[in-house]
Amino acid sequence: MRFRFRDLRRKEVININDGCRLGLAADLDLRAPEGQVAAIIVYGPARFFGLFGRGEEFYIPWDCIQRIGDDIILIDKPFQRRNPDLERKRRR
């Protein structure tokens, strides 16, 4: 199976554990000496029209990818949802 990076960038990443849409594949993590793809990176959603940056990005190891379709990448990775309000209270 052969893909170009620009073809992967147009695909939406969906977690099959909970059906959550994570976003579009944005970047790749490559192993330099071997020339293998280690993971795909999905940027988090934009905050307030992109003025305040982006949310947390997702690092998805290549072995978590179950299937790559025409417009969707299905992954099998359990994510722990973080509550930002709860983390702020812990820091204080």
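Buried means under 20% relative accessible area, exposed means over 50%, and partly exposed sits in between. Keep those cut-offs handy for this predicted model. The chain has 92 residues, and buried ones make up 26% of them. Its secondary structure consists of two helices and six strands.

**Overall layout**

- If you walk along the sequence, you meet the pattern α-β-β-β-β-β-β-α.
- Helix H1 covers residues 5–9 and strand S1 covers 12–15, with a loop between them.

**The nonpolar core**

- The largest nonpolar core has 13 residues.
- Val13, Leu22, Ile60, Ile73 and Ile75 are the ones that touch the most other members of this core.
- Which strands each supply at least two residues of the core? They are S2 (21–31), S3 (36–42), S4 (58–61), S5 (65–68) and S6 (72–75).

**Residues far apart in sequence, brought together in space**

- Leu28 is part of strand S2. Its relative accessible area is 21%, so Leu28 counts as partly exposed rather than buried, given that the buried class stops under 20%.
- Leu28 and Ile40 are 12 residues apart along the chain, yet 4.5 Å separates their C-alpha atoms.
- Phe58 belongs to strand S4. Is Phe58 buried or exposed? With 12% relative accessibility, Phe58 counts as buried.
- Phe58 has a C-alpha to C-alpha distance of 7.1 Å to Gly44, and the two are 14 residues apart in sequence.
- Glu12 sits in strand S1. From Glu12 to Ile72 you have to go 60 residues in sequence, but 4.8 Å in space, C-alpha to C-alpha.

**The salt bridge**

- How many salt bridges does the structure hold? There is one.
- The partners are Arg21 and Glu12, whose side chains meet at 2.6 Å, N to O.
- Here's the general idea: side chains of opposite charge can pair when their charged atoms come close.
- The two partners fall into separate accessibility classes: Arg21 is exposed, because its relative accessible area is 60%, whereas Glu12 is buried, because its value is 19%.
- Glu12 therefore falls just inside the buried class, as 19% is under the 20% cut-off.

**The positive patch**

- Over on the surface, Arg2, Arg4, Arg6 and Arg10 form a positive patch.
- Where does Arg10 lie? You'll find Arg10 in the loop between helix H1 and strand S1.
- Arg10 counts as exposed because its relative accessibility is 61%, and the exposed class takes values over 50%.

Conventions. Residues numbered from 1 in each chain as written. Predicted model: local features only at pLDDT ≥ 70, side-chain atom pairs only at ≥ 80, totals over all residues. Heavy atoms only, no water. Patch = residues over 30% accessible without salt bridge, like charges linked within 9 Å, V, L, I, M, F, W, Y side chains within 5 Å. Areas by Shrake-Rupley, 256 points an atom, 1.4 Å probe, with all protein chains shown as cover. Salt bridge = Lys/Arg side-chain N within 4 Å of Asp/Glu carboxyl O. Lys, Arg positive; Asp, Glu negative; His and termini not counted. Charge placed at Lys NZ, Arg CZ, Asp CG, Glu CD. Helix = DSSP H or I, 4+ residues; strand = E, 2+ residues; numbered from the N terminus. Buried < 20%, exposed > 50% of the residue type's maximum accessible area, 1.4 Å probe, protein only. Core = buried A, V, L, I, M, F, W, Y, C linked by side-chain atoms within 4.5 Å.
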